[in-house]
Amino acid sequence: MDAPSKAARTSRTIAAPDPGGTREATGAPRISVIMANYCGRDHLADAIESVLAQTLTDFELIVVDDRSPDDSVSVIQRYAERDPRVRLIALQENLGPAGARNRGFDVATGDWIAIVDNDDLIHPSRLAFLLDAALADQADIVADDLLIFNDRSPGITTMLPEAADAPFWVDAAGFIRSNVIYAPRPSLGFCKPMIRRQALGALRYDETLRIGEDADLLLRLVVAGRTFRIYPELLYFYRKHSASISHRFSEDDSRRLIDVEQRLMREHAKLGADVVAAHRERLASLERAAAFAMLVAGLKARSPAAVLGAVRAAPAALWLLRLPLKAALKRRLGAWKRPPALQTEQPGILVLSRQRIAGATNGSSAYLISIARFLRQRGYRVSYLSPSPTTFGRWPFLRVVDETRSAFDAFVVRGSVRVGSYLLVRDPKVWLRACLSVAEDLLLRVGIVARRRIASAPYAVSQPLTRQDCLFLARQGRQGNDAMLLDYAFLASARPYVLRPDARSLIVMHDLFSSRVARFDKASAQDSVALLDADQEYALLAQSDGVVAIQSAEAEAVRAQLPDQPVILAPMAVSVVAEPAPGQDGTLLFVGSNTAPNVIGMQWFLASVWPTIRARHPTATLQIAGSVARSLSSLPEGATCLGVVPDLAPLYREAGVVISPLTVGSGLKIKLIEAMGFGKAIVATSTTVEGVETLVEGAVVVADEAATFAVAVCDLLTATARRTHLAREALAVARSSFAAEACYGPLLPALFPNRETTRPGLSAETTGGLTG
């Protein structure tokens, strides 16, 4: 198909690169974004906001209103009053999309000019990516792939083939052939370019063209010797709708394009046979398209003469009737295959995550399940969606346990199939790798091999999004979802692919990752999660409508760095037992997953604290529950690793003292709150109680040195009355400060605010908003 512009008269997002921080003006090239508008009221605010949300901040947005009869100008004016980067050019006569963009070119001050349509969206990292790519490759024109969507249809397509994975240069002949009408190859004339202003020079859009003006300008630039490079990143979200000009390819449009093509073929004869042959191919396709337009018009008018005239002009036009028939058949089959649309008045909340959630087996999973269960109990539909098969980790299957089912109405992971209560990976390579890994574990255990050669599975939470991840989100994330929770800051770049700019999103932070680096360095230890510096983390957190912090110290840190960003403090909620549980004398319990803070803490405790305890209480026992056991070997006498335990309640009831000897880490320590909910006497470090120090004062014994930690434990091991007092105080704190309503209640007005509107372009009747 040709590159017909979706134009400004009713003018009518790979891996998306994660930003390395918000880019400020530092003398780098500046960008002018040109947006032509005609009657764009329905989508204009979303288009403008997607530009203003760019991680690269040094740009101007020139919105050229093509004398719209609706109130578009007032929408643009309100944005211009709020943000000095927005400039309104209000034309006194209607010039069409080409003319409107040309007027934008004439006033642009940037070194680069980027085209964005008034009904489309762009990814927050788009301008930064294209500028970096253009400078690195020394290109005059750059463009990305289009993620093409329709508000009324779940179907998603792309400009380039879905398997595209490498950038490429575009020459004149290749570009002409790509714009052959109804050809099976990508139509590069659809792309929305960013052009070096110096390379543009005096060239402008052909204002006589109603459609195809984008392709025409790009071809003239390429013929003039400008270098043009296209990248497969899905960063431009191209909206199709009933008012799009690209949907109305008329006979008149075809005739005008034929005249232009004939002229260009004459002018380009000197460029060689290949270019001329490409022009002939495109010209023939335009003539077929013109005849096809006549044929369709004749069929609609029930005019045999018009139909015969079209067939005589181009018999091949008859063959083109297969296209609408094929499209109609595809729609019907698609409707048959697709599950029925959700018929419910319940608001939907989409949880985007890449955690391997097999129940509350670790702190982060327990926290997410706890939030989801609360929201579901309050009457919301809650769906878990993972866009990446890396969620499975080293195992090719995942059991959806009752604890998970109680929290989510739907649980979907890309690349898997549901069999009973299990999700199974489709990729056989993952199964093979898992089998080899199990075999290697056995060989290590019996001493046949000395070290592991199969690398561990990547830390899925922080992996960059792939092109297929992005397409999966676009196809699966829209239906029935009215708000989003992004599990960890790393998924900030995933939000735009859900194609719901109206849906509020909150990032569930879990930990302030950037604060962990210095702490692990100080302890001369290596973290088990991804490294993220402060600039990167705050840039990601800024891309949502709010941040959910699990403890107060980290909430305050985010507020200090992002004063305009709403921060919701939502500590982990826990269920509480009826009575305190002092447990049995001489028994200790530690519960933790196989993460670096737990491993380092237990290694310190076993080496530096446990010998002193055993010296004073030779019969004392320590039980270690959870996957942390995988990293602990050669346990001292009295210590036992239980591994993952399906029900922790009996262990908590029997334990006399629960320990949390963490020396590094961040976030709220979930197992601390869990132990308080079970009504236990607890000895912990100041790292463990960080962020809740004031709350737990008098309810938790805090000790940081090995000697004082050992003394605190020893003093409680046989002191039932003292343990009962601490357990009662801990239980009281859990009831008052960590009940579900107290912890998660503030999420609801943030996701579904009662007070409406913050967007200056929309009235209170059309949108909701949360002010910073």
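Start by selecting Tyr 236 and Asp 120: their side chains are joined by a polar contact of 2.6 Å. Keep in mind as you click around that this is a predicted model.

**Stop 1: around Tyr 236**

Keep Tyr 236 selected and colour the strand it belongs to, E10, which covers residues 228–240. Is Tyr 236 buried or exposed? Switch on the surface to check: Tyr 236 is buried, because its relative accessible area is 0%, and the cut-off for buried is under 20%. Next, pick the C-alpha atom of His 123 and draw a distance to the C-alpha of Tyr 236. You should get 6.4 Å, although the two positions lie 113 residues apart along the chain.

**Stop 2: Arg 126**

From Tyr 236 you can hop straight to Arg 126, since Tyr 236 is among the residues that Arg 126 contacts. Arg 126 sits in helix H4, residues 126–137. What surrounds Arg 126, leaving aside neighbours within four places in sequence? Show Gln 54, Ile 115, Val 116, Asp 144, Lys 192, Leu 235 and Tyr 236 as sticks, and you have the set. Arg 126 is an arginine with a relative accessible area of 0%, so it counts as buried.

**Stop 3: Leu 368**

Now jump to helix H12, residues 363–377, and select Leu 368. With a relative accessible area of 1%, Leu 368 is buried too. Which residues does Leu 368 touch, once those up to four places away in sequence are set aside? Light up Val 351, Ser 353, Gln 355, Ile 357 and Asp 487. Then add Val 508: its C-alpha is 8.4 Å from that of Leu 368, and the two residues are 140 apart along the chain.

**Stop 4: out to the surface**

Time to leave the buried residues. Select Phe 397, Tyr 422 and Trp 431, which together make a nonpolar surface patch of about 260 Å². Zoom in on Trp 431, which you will find in helix H14, residues 428–446. Trp 431 is partly exposed, because its relative accessible area is 33%, while that class runs between 20% and 50%.

**Last stop: zoom out**

Clear the selections and look at the whole protein. Switch to cartoon view and you have 26 helices and 26 strands to trace. Of the 772 residues, 55% are buried. Turn the surface on for the final view: the protein exposes about 32100 Å², and carbon and sulfur atoms supply 54% of that area.

Note on methods. Residues are numbered from 1 along each chain as its sequence is written. This is a predicted model: local features need pLDDT of at least 70, side-chain atom pairs count only at pLDDT 80 or more; totals for chains, interfaces and linings use all residues. Side-chain values use heavy atoms; hydrogens and water are left out. Helices (H or I, at least four residues) and strands (E, at least two) are DSSP runs, numbered from the N terminus. Buried means under 20% relative accessible area, exposed over 50%, partly exposed in between (1.4 Å probe, protein chains only). Accessible areas come from the Shrake-Rupley method with a 1.4 Å probe; for residues, only the protein chains shown count as cover. Patches are made of residues with over 30% relative accessible area and no salt bridge: like charges are joined within 9 Å, nonpolar side chains (Val, Leu, Ile, Met, Phe, Trp, Tyr) within 5 Å. A salt bridge is a side-chain nitrogen of Lys or Arg within 4 Å of a carboxyl oxygen of Asp or Glu. Contact means heavy atoms within 4.5 Å. A polar contact is a pair of N or O atoms within 3.5 Å; within protein, one must be able to donate a hydrogen and the other to accept it, and residues adjacent in sequence count only if both atoms are side-chain atoms.
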